Amino acid sequence: MTTQTETEIQTTATPFTLKPQHTIPRGPVTATLNFYQPPSDDSKPFNYVESPPPGEPQRNYSDVTHDVTVQDIRGQETAFNIDTHAFAAVQDIESQASRATFEDEEAIKQIYYPEVEQLLLQQTGAKKILLFDHTIRLATPGAARAPVNRVHIDQTAESAAQRVRFHLPPPEADEALKGRYRIINVWRPLNPPIVAHPLAFADSTSVPDEAMVGIQHRYPDRTGETAAVKYTEGQRWWYWSGMEEGERLLLQCFDTAGGARVPHSAFVDPRSEAGAGRESIEVRALVFG
């Protein structure tokens, strides 16, 4: 049976999108997550980032659903750290970014990127941060990029090294690959608080390496790799209820030191009210040192 604690909110969240009054679902919830199921012909799994070539499917593997208990980290944010669990919850973040910032690609890079860089420097103690892309997701019909309702990790060891070589010139890349490097996503809501389509993330220590499956991630001009995730017993799943404007979720997708990586997925919270949407942005970073 689903358990919840609910908090009534009035949204006056200018400069972000105004919402009607909704209830924030809180506490543990039983949710259905989509896990990896291999291609029926045992071929190497792939997916196309854009439209596939004629005669090719968007992806050649499928999903299998499992109901899992997703616990709420609200009130125990400091119990988790990125080196062990592969995620961290950061609060009380001040930002100069407005709603208009996130409607302009250059404004995102000029105003929001420096804030993300400083946050990562403070939270990780890294020597260098290289922000290489971002995605805005909208849980609305016809959105270009919607929340991903499939358990995955954005990077693998192979694609992380490829990223270093792709974004740095050869001499610098060669040197960087000798030391510690990570890929960390910084995730935040754009229409806070989050009341629907929240993000679930798994404690890295509860998901064995054997659950990871490399997926060819086919761009128009190159092929990268992401990881799909099989369901295994003992996985521990979390979410952060009602994420607010000043809160950031750090999701570590790869780390050469220790290997902590975070499977994650959006999910449908059965307690969310009809009409509640979600807007978010994730910025992806190479973190050196």
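## Exercises on a predicted model

Let's open with Arg163, which is buried (under 20% relative accessible area; exposed is over 50%, partly exposed in between, with a 1.4 Å probe and protein chains only) yet makes no salt bridge, its nearest side chain of opposite charge being Asp133 at 4.1 Å. This is a predicted model, with local features needing pLDDT of at least 70 and side-chain atom pairs pLDDT 80 or more, while totals for chains, interfaces and linings use all residues. Residues are numbered from 1 along each chain as its sequence is written, and side-chain values use heavy atoms, with hydrogens and water left out.

**Exercise 1.** Work out why Arg163 and Asp133 don't count as a salt bridge, and place Arg163 in its surroundings.

*Step 1.* A salt bridge takes a side-chain nitrogen of Lys or Arg within 4 Å of a carboxyl oxygen of Asp or Glu. Lys and Arg are the positive residues here and Asp and Glu the negative ones; His and the chain ends are not counted.
*Step 2.* Asp133 sits 4.1 Å from Arg163, and Arg163 has no salt bridge.
*Step 3.* Look up the element: Arg163 belongs to helix α3, residues 157-167. Helices (H or I, at least four residues) and strands (E, at least two) are DSSP runs, numbered from the N terminus.
*Step 4.* Now list contacts, meaning heavy atoms within 4.5 Å. Leaving out residues up to four places away in sequence, Arg163 touches Asp133 itself, and its other partners include Phe132, Tyr219 and Arg222.

**Exercise 2.** Take Leu120 and Gln110: which is buried and which is exposed?

*Step 1.* Leu120 is in helix α2, residues 105-124, and Gln110 is in helix α2 too.
*Step 2.* Leu120 has a relative accessible area of 0%, so it's buried. Gln110 comes in at 59%, so it's exposed.
*Step 3.* Check the partners of Leu120: beyond four places in sequence, they include Ile129, Leu131, Ile184, Val186 and Leu250.
*Step 4.* Add some distances, C-alpha to C-alpha. Gln110 and Ala97 are 13 residues apart in sequence and 9.8 Å apart in space, while Leu120 and Pro57, 63 residues apart along the chain, are separated by 38 Å.

**Exercise 3.** Find what is unusual in the backbone at Ala86, Asp92 and Pro193.

*Step 1.* Recall the background: most residues other than glycine have a negative phi, and most peptide bonds are trans.
*Step 2.* Ala86, not a glycine, has a positive phi of about 75°. Ala86 lies in the loop between α1 (82-85) and β6 (87-90), and its 0% relative accessibility makes it buried.
*Step 3.* Asp92 also isn't a glycine, and its phi is positive at about 60°. Asp92 is in the loop between β6 and α2, and counts as exposed at 74%.
*Step 4.* The bond from Pro192 to Pro193 is cis, with omega near -5°. Pro193 is in the loop between β9 (181-189) and β10 (199-202).

**Exercise 4.** Sketch the whole fold: how many helices and strands are there, and what is the radius of gyration?

*Step 1.* Count 4 helices and 16 strands.
*Step 2.* The radius of gyration is taken over C-alpha atoms, and the globule rule is 2.2 Å times the number of residues to the power 0.38. For 289 residues, a compact globule would be near 19 Å, and the protein has 19 Å, so the two agree.
*Step 3.* The C-alpha trace spans about 55 × 45 × 40 Å along its principal axes.
*Step 4.* Buried residues make up 51% of the 289. Of the contacts with a separation of 6 or more, 78% join residues 24 or more positions apart.
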